Amino acid sequence: MRESQLKHDPNSVRRARESRKNQTSAEEKLWSLLRNRRLIARKFRRQYPIGPWVADFACPAIKLVIEVDGPSHDTEDQQAWDEMKTEYLRTSGWRVMRIKNADVYQAFGEVEARIIAEIDD
């Protein structure tokens with residue numbers, strides 16, 4: 001079944017729209033790389049609803065999700081939440097990459113190389 005044929009949870013669609021207006025600076029920086037097919041001509045979407053979850057970035061054509069994790073993701077509760085989200089996405093056929101905010105700011109070239117390697121897999 002194509003992703004466009006899946007029904008999105010109305011709450012995740014609403015949250016995605018709100019999140020697009022309130023991106024973190026790390027998400028904005030990564031979006032500058034991913035938008036408009038700038039990276040290996042792949043179309044990424046930002047704050048993309050998948051079932052009950054919202055992915056920071058997703059390329060539906062190759063079922064790749066990229067999550068940008070700030071310091072709030074270091075707490076035990078948030079890590080458990082992230083694991084549930086990742087498990088849902090993986091069982092739905094998506095590959096999931098998690099990238100730390102610090103890597104976006106301090107090692108942007110390495111982040112780009114990791115994403116390219118994941119796209120090429």
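# A guided tour, beginning at L30

Select L30 to begin: this residue is buried, with a relative accessible area of 0%, and the model in which you are viewing it is a predicted one. L30 belongs to helix α2, and if you display what surrounds it, leaving aside its neighbours within four places in sequence, you will find it in contact with F57, I66, V68, I99, V104, F108, V111 and I115. For a sense of how the chain returns to this place, select Y105 as well, since its C-alpha atom is separated from that of L30 by 9.4 Å although the two residues are 75 residues apart along the chain.

## Helix α2

Now widen the selection to the whole of α2, which covers residues 25-34, and colour its buried residues, which are A26, E27, L30, W31, L33 and L34. Which side of α2 do they take? They cover an arc of only 155 degrees around the axis, which puts them on the same side of α2. Adding β1, β2, β3, β4, α4 (101-106) and α5 to the view shows elements that are included in what covers these buried residues.

While you are at this helix, select K29 together with F108, because K29 lies over the face of that ring, at 4.9 Å from the ring centre.

## The largest nonpolar core

In general, nonpolar side chains tend to be buried together in soluble globular proteins. In this model the largest nonpolar core has 19 residues, and those to select for the most contacts inside it are L30, L34, F44, F57, I66, I99 and I115. The elements that give two or more residues to this core are α2, β2, β3, β4 and α5 (108-120), and among these α2 gives the most, with 5 residues.

From this core, pick out F44 and look at its surroundings: leaving aside neighbours within four places in sequence, F44 is in contact with W31, L34, F57, A58, C59, L64, I66 and I119. Apart from the largest core lies another one, of 8 residues, and you can locate it by selecting I50, A55, V65 and W94, which are among them.

## The loop between α2 and β1

Move next to the end of α2, which is followed by N36, a residue whose phi is positive, near 55 degrees. Further on, select I40, which is placed in the loop between α2 and β1 and has a positive phi of about 50 degrees although it is not a glycine. I40 is partly exposed, with a relative accessible area of 40%. A41, which lies in the loop between α2 and β1, also has a positive phi, of about 55 degrees, without being a glycine, and at 52% relative accessibility A41 counts as exposed.

## Aromatic pairs

How many aromatic pairs does the structure hold? There are 3 of them, and two are visited here. Begin with Y48 and W94, whose rings form a tilted pair, 6.3 Å centre to centre and with 55 degrees between the planes. Y48 lies in strand β1 and W94 in the loop between α3 and β4, so the pair ties together parts that are 46 residues apart in sequence. Both partners are buried, Y48 as well as W94.

Then select W53 and W81, whose ring centres are 5.3 Å apart and whose planes stand at 70 degrees, so the pair is edge-to-face. Because W53 lies in strand β2 and W81 in helix α3, this pair ties together parts that are 28 residues apart in sequence. W53 is buried, with a relative accessible area of 13%, whereas W81 is partly exposed, with a relative accessible area of 48%.

## Helix α3

From W81, extend the selection to the 16 residues of helix α3 (residues 76-91), which at 1.5 Å a residue should span 22 Å; the end C-alpha atoms are 23 Å apart, which agrees. The buried residues of α3 to colour are D82, K85, T86 and L89. Seen down the axis of α3, these buried residues fall within an arc of 100 degrees, so they line one face of the helix. A general rule helps in reading this view: an α-helix has 3.6 residues a turn, so residues three or four places apart point the same way.

Show the strands β1 (45-50), β2 (53-59), β3 (64-69) and β4 (95-100) next, for the buried residues of α3 pack against them. Rotating to the other side of α3 brings E76, D77, E83 and T91 into view, and these are exposed. The tour ends just after α3, at G93, which takes a positive phi of about 95 degrees.

Terms used. Residues numbered from 1 in each chain as written. Predicted model: local features only at pLDDT ≥ 70, side-chain atom pairs only at ≥ 80, totals over all residues. Heavy atoms only, no water. Helix = DSSP H or I, 4+ residues; strand = E, 2+ residues; numbered from the N terminus. Expected span 1.5 Å × (residues − 1). Buried < 20%, exposed > 50% of the residue type's maximum accessible area, 1.4 Å probe, protein only. Arc of directions from axis to C-beta. Contact = heavy atoms within 4.5 Å. Core = buried A, V, L, I, M, F, W, Y, C linked by side-chain atoms within 4.5 Å. Phe/Tyr/Trp six-rings, centres within 6.5 Å; stacked < 30°, edge-to-face > 60°. Lys NZ or Arg CZ within 6 Å of the ring centre and 35° of its normal.
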